[in-house]
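Reader: Can we walk through this one together? I'd like to look at pockets and helix packing.
Author: Sure, here it is.

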Amino acid sequence: MKSILLTTAVLLTAYVTFAQPGKTEIARWQDNKTGAISITWDDGSINQFKVALPILNKLQLPATFFIITGQIPGSKYHGKFIGRPVADIIKETATVPTNKDNLFERASAAGYLGLVGPLDYHYKAGSLVDAGKTDEAIKVIDELYTKVRNNQFKPGVQHNDEYKDAHGTTWDDIKRYAAQGHEFASHMITHPRLAVLDEPNMLYEMEKSREEIKEHLGERYTFSGEGPFGTENERVMNYAYKVYPALRNRMPEPWLKEISRSDKENPGNSGKEYVQLQRGATTKTPMPMMKAWVDTTMNRKDTWLVLTIHGVDGIGWEALSHQTLQEYFNYIKTRKNKLWVATFGDVAKYMRERQAAAVKGINTTRGIQVTLTHSLDKSLYEYPLTLKTYVPAIWARVRVKQGTKTIININTHKDAIGTYVTYRAQPNGAPVILNRL
């Protein structure tokens with residue numbers, strides 16, 4: 001009896017293995033890695049490019065830079081107030097207190113009164129609105145305009161620290177960095193507190209920054225955006241979603257669990273297909289903790305670690321030393337056999353395409369034919385997906401072609417189900433044909 005059961009098990013295993021050719025699935029991450037990491041930078045301060053970028057290039061680690069476009073030489077769009085003459089607004093504040101109906105207009109105008117000091121009130125009020133404390137923000141703006149009417153500020157032009165630290169890079173520089181494999185994306189024109197801007201000024205910051213990037217770098221670099229200060233204000237997000245397909249602030253998807261930088265929650269068992277784990281490395285973050293983020297990502301199968309870094313070697317907010325960056329990026333590099341390191345936009349595209357894709361493999365006289373399609377906008381979502389296709393057990397080496405182009409010639413591998421190959425394929429393209437070599 002034992003001999004019969006053993007023989008039956010062998011036959012069933014052989015049948016399952018034999019029955020698999022053509023079966024195809026889409027890998028959760030590119031090249032069937034166990035997790036993904038995106039290294040992102042805010043503001044575009046000069047040492048990100050002079051110091052950090054050479055380290056990234058040497059290690060062949062792509063990154064995403066969210067840049068403040070208004071300060072770059074040659075930019076067409078700079079900071080400006082869209083609305084009534086500011087003199088009329090100032091005059092009105094003497095008789096009409098700030099309220100929920102005029103708060104955003106007055107806060108938007110604050111940085112464009114031709115005075116040094118009011119911009120600080122814009123940022124304070126914006127921080128309060130982001131925190132859900134609108135009544136307190138109203139008091140801040142009322143205090144501001146009282147001081148303006150009492151001539152308590154000196155004339156002049158004021159810029160925020162992030163805007164000033166970003167000086168030193170040109171569009172020609174950025175084009176060169178982009179050609180090296182890095183993503184450049186919008187961090188608005190002036191790095192404002194979007195939550196306290198009215199509609200015309202919010203849209204100006206979002207749309208014109210996007211236009212600037214499109215003009216200098218091309219349409220592909222208008223995919224991603226980041227509202228300054230990581231705002232998650234619902235009103236802001238509703239506008240931003242219409243301008244940028246992917247926002248690091250929020251990516252509300254039914255299949256994605258988001259853990260923000262300020263959230264100490266661990267990925268846990270979310271029941272979702274993907275987890276986005278955002279973490280911000282600051283001067284107070286211990287290196288073991290930073291490495292633990294990477295380890296967590298590597299030891300799971302569903303996690304996308306989105307790192308947020310600002311300053312480098314004394315320039316920019318919470319500036320990290322180049323020694324810290326070198327050690328950390330080396331740590332990530334040594335784990336690239338398991339982790340997919342890619343730009344923010346590329347990972348976002350991959351996940352969305354996979355979730356919207358359909359794949360089918362069949363045996364034909366030409367070999368195994370695989371079709372891969374997705375229902376997304378093809379002008380935006382053109383990123384190749386990694387497929388895993390099972391082939392006959394006797395195949396040791398396989399040629400993979402899509403249309404007339406040979407994608408790759410590769411060796412087969414085996415798992416508990418059967419013999420397979422993994423490869424990248426273009427969605428909505430010609431069928432993929434696999435043949436034995």
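Reader: What classes of residue are in the lining of the largest pocket?
Author: Remember that this is a predicted model. The lining of the largest pocket has twelve nonpolar, seven polar and ten charged residues.

Reader: And how much space lies in the largest pocket?
Author: About 600 Å³.

Reader: Which residues are closest to its centre?
Author: Q30, R220, D346, Y383 and P384. They belong to a lining of 29 residues.

Reader: Which elements give two or more residues to that lining?
Author: Three strands and one helix do. The strands are strand 12 (339–341), strand 17 (405–411) and strand 19 (419–425). The helix is helix 13 (344–356).

Reader: OK, next pocket. What volume does the second largest pocket have?
Author: About 520 Å³. It is lined by 26 residues. Closest to its centre are S260, R261, S262, D263 and G280.

Reader: Which elements give two or more residues there?
Author: Strand 9 (256–259), strand 10 (274–280) and helix 11 (287–299). Strand 10 gives the largest share, four residues.

Reader: How do the residues of the second largest pocket's lining divide by class?
Author: Six are nonpolar, eleven are polar and nine are charged.

Reader: Now closed spaces. How many cavities of 30 Å³ or more are there?
Author: The count comes to one. Its volume is about 30 Å³.

Reader: Which residues line the largest cavity?
Author: G44, F49, I67, I68, Q71, I72, A166, T169 and I174. Six of the lining residues are nonpolar and three are polar. None is charged.

Reader: Let's switch to helices. How do you describe two packed helices?
Author: By the angle between their axes and the distance between the axes.

Reader: Try helix 8 and helix 9 then. At what angle do they pack?
Author: About 70 degrees, with their axes 10 Å apart. That makes helix 8 roughly perpendicular to helix 9. Helix 8 covers residues 171–179 and helix 9 covers residues 199–217.

Reader: Which residues meet?
Author: From helix 8, W171, I174 and K175. From helix 9, E212, I213, H216 and L217. By class, the contact has four nonpolar residues, one polar and two charged. You've seen I174 before, in the lining of the largest cavity.

Reader: What about helix 5 and helix 6, what is their angle?
Author: Helix 5 (residues 118–130) and helix 6 (residues 134–149) pack at about 170 degrees. Their axes are 8 Å apart.

Reader: Why are helix 5 and helix 6 called roughly antiparallel?
Author: Because an angle over 145 degrees counts as roughly antiparallel. Theirs is about 170 degrees.

Reader: Which residues make the contact?
Author: Helix 5 uses P118, Y121, K124, A125, L128 and V129. Helix 6 uses T134, E136, A137, V140, I141, E143, L144 and K147. Nine of the contact residues are nonpolar, one is polar and four are charged.

Reader: One more pair. At what angle do helix 2 and helix 12 cross?
Author: Roughly 20 degrees, and their axes come within 10 Å. Helix 2 is residues 46–59 and helix 12 is residues 322–333. The two are therefore roughly parallel to each other.

Reader: Is the crossing of helix 2 and helix 12 left-handed or right-handed?
Author: Right-handed.

Reader: And which residues make that contact?
Author: V51, A52, I55, L56 and L59 come from helix 2. H322, L325, Q326, F329, N330 and K333 come from helix 12.

Reader: How do they divide by class?
Author: Seven are nonpolar, three are polar and one is charged.

Notes:
Residues numbered from 1 in each chain as written. Predicted model: local features only at pLDDT ≥ 70, side-chain atom pairs only at ≥ 80, totals over all residues. Heavy atoms only, no water. 1 Å grid on protein atoms, 1.4 Å probe; cavity = no way out; pocket = protein on both sides within 12 Å on 5 of 7 lines; lining within 4 Å. Points joined across faces, edges and corners; volume = space filled by probe spheres on them. Nonpolar A, V, L, I, M, F, W, Y, C, P; charged D, E, K, R; others polar. Axes fitted to C-alpha atoms, helices over the stretch in contact; angles between N-to-C directions. Parallel < 35°, antiparallel > 145°, perpendicular 65-115°, else oblique. Left-handed = near helix turned anticlockwise from the far one by under 90°. Contact = heavy atoms within 4.5 Å.
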